Amino acid sequence: MKLSNSFRDFFVPITSVLVGAAYGLFCRLFFASSSFEGYFGVMTLGFLFGVPLAIGVIGVLMLREEKDEGWISWLMVPLGISILTLVVALLLAWEGMICIVIWSPLFVGLAVISGLVTGFVRKAVRSSRSRQLQVMAVAAVLPFALTPAEHLWTPPQALEIVENRIEIAAPAAAVWEQIREVPAIAPEELAPSFVHRIGFPRPIAATLEGEGVGAVRHATFEGGILFVEEVTEWQPERVLAFSIHPENVPPKTFDRHVAVGGPYFDVLDGRYELEVLGPQRTLLRLSSTHRLNTRFNGYTRLWTRLFMSRIQDNILQVVAQRSEA
């Protein structure tokens, strides 16, 4: 009997994790299905917020109340469910590494908070098992019930400007030559960056056709990505600005939820500004404007600003090294 009880005490939390993860993966599969496009979707509040909250409720209420170890169980079970769900989604290629990195803090955090709150409420209320099963059912159904209503609300558009700067030990003329066109960048010229490690393609080169306003730059990145950049401002050794238009972005290069030029994210323009600090000293600024169209721009802007800043800083480092050489 003791062995049987011990086995059950071990088995129930594992079952909670597996059932919770199965629910999370089912939601991912259902919400992403093209059959329900226009009613559901992964980039919705119902999925990104509602599902992890439901996971926390389901995972904790599945535990045997008399053997519940308290807040440790309420924390560890939702943590296990959310991590297992994300790992399986990554292994099945349902999500790319970029999306996993962006959403894991939110997904895991909400699941854990939900589990802790559920545990404390259950301990305080002491409801019957049938009532707890009803709560689990409501939590599981709620994301499916609320998400279709989201599509009555058009996602707001936000424009974000990110600026990086660097002081370069070279005259403005030397710096200008390195930004008007960018010869092929060798891999060793780029500093290690987690942005590229998680899937953002590395820049390769930028060629220029013509000079002055109306000239066209072709910026290439790994994976066959090509951006056409039309010069909108041209002041030699002072300002180079351009609009950015995705010309070729292979579908497998970016996760479709973060693809440049997609429905949720786009980079609109770039701008270099040079300020002479001395005969052999130049301050170079690189800024860009990107668009966000999600129902949770407040969260996504934290990541897009971080990613754009890291990418721009990497480019400035290359320009500085070449100018100073």
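Start with the largest pocket of this predicted model, which has a volume of about 390 Å³. To bring its centre into view, select Glu37, Phe40, Gly41, Val42 and Tyr264; of the 21 lining residues, these lie nearest the centre. Try colouring the lining by class next: you should find nine nonpolar, nine polar and three charged residues.

**On to the charged pairs**

Side chains of opposite charge can pair when their charged atoms come close. Across the whole structure, a search finds 15 salt bridges. Let's visit some of them.

**Stop one: arginine 301 and glutamate 160**

Select arginine 301 and glutamate 160, and show their side chains. They meet in a salt bridge, with 2.7 Å from N to O. This pair links distant parts of the chain: arginine 301 belongs to helix H8 (residues 297-324), glutamate 160 to strand S1 (residues 157-168), and 141 residues separate them. Which partner is buried, and which is partly exposed? Glutamate 160 counts as buried because its relative accessibility is 9%, under the 20% cut-off. Arginine 301, with a relative accessible area of 27%, is partly exposed.

**Stop two: arginine 217 and glutamate 229**

Now move to arginine 217 and glutamate 229, whose side chains form a salt bridge at 2.9 Å, N to O. Here the bridge runs between two strands, with arginine 217 in strand S3 and glutamate 229 in strand S4, 12 residues apart. Switch on a surface and look for each partner: are they buried or exposed? Arginine 217 is buried, at 3% relative accessibility, and glutamate 229 is buried too, with a relative accessible area of 6%.

**Stop three: glutamate 222 and arginine 202**

Keep strands S3 and S4 in view and select glutamate 222, which sits in the loop between strand S3 (216-221) and strand S4 (225-235). What does its side chain meet? The partner is arginine 202, in a salt bridge of 3.9 Å, N to O. You will find arginine 202 in the loop between helix H7 (194-197) and strand S2 (203-209), 20 residues from glutamate 222. With the surface still on, check both partners: glutamate 222 is partly exposed, with a relative accessible area of 35%, and arginine 202 counts as partly exposed at 31%.

**Last stop: a linked group**

Finish by selecting Glu163, Arg165, Glu275 and Arg285 together. Rather than a lone pair, you are looking at a network of salt bridges that links these residues. Show the side chains as sticks and trace the network from residue to residue.

Terms used
Residues numbered from 1 in each chain as written. Predicted model: local features only at pLDDT ≥ 70, side-chain atom pairs only at ≥ 80, totals over all residues. Heavy atoms only, no water. 1 Å grid on protein atoms, 1.4 Å probe; cavity = no way out; pocket = protein on both sides within 12 Å on 5 of 7 lines; lining within 4 Å. Points joined across faces, edges and corners; volume = space filled by probe spheres on them. Nonpolar A, V, L, I, M, F, W, Y, C, P; charged D, E, K, R; others polar. Salt bridge = Lys/Arg side-chain N within 4 Å of Asp/Glu carboxyl O. Helix = DSSP H or I, 4+ residues; strand = E, 2+ residues; numbered from the N terminus. Buried < 20%, exposed > 50% of the residue type's maximum accessible area, 1.4 Å probe, protein only.
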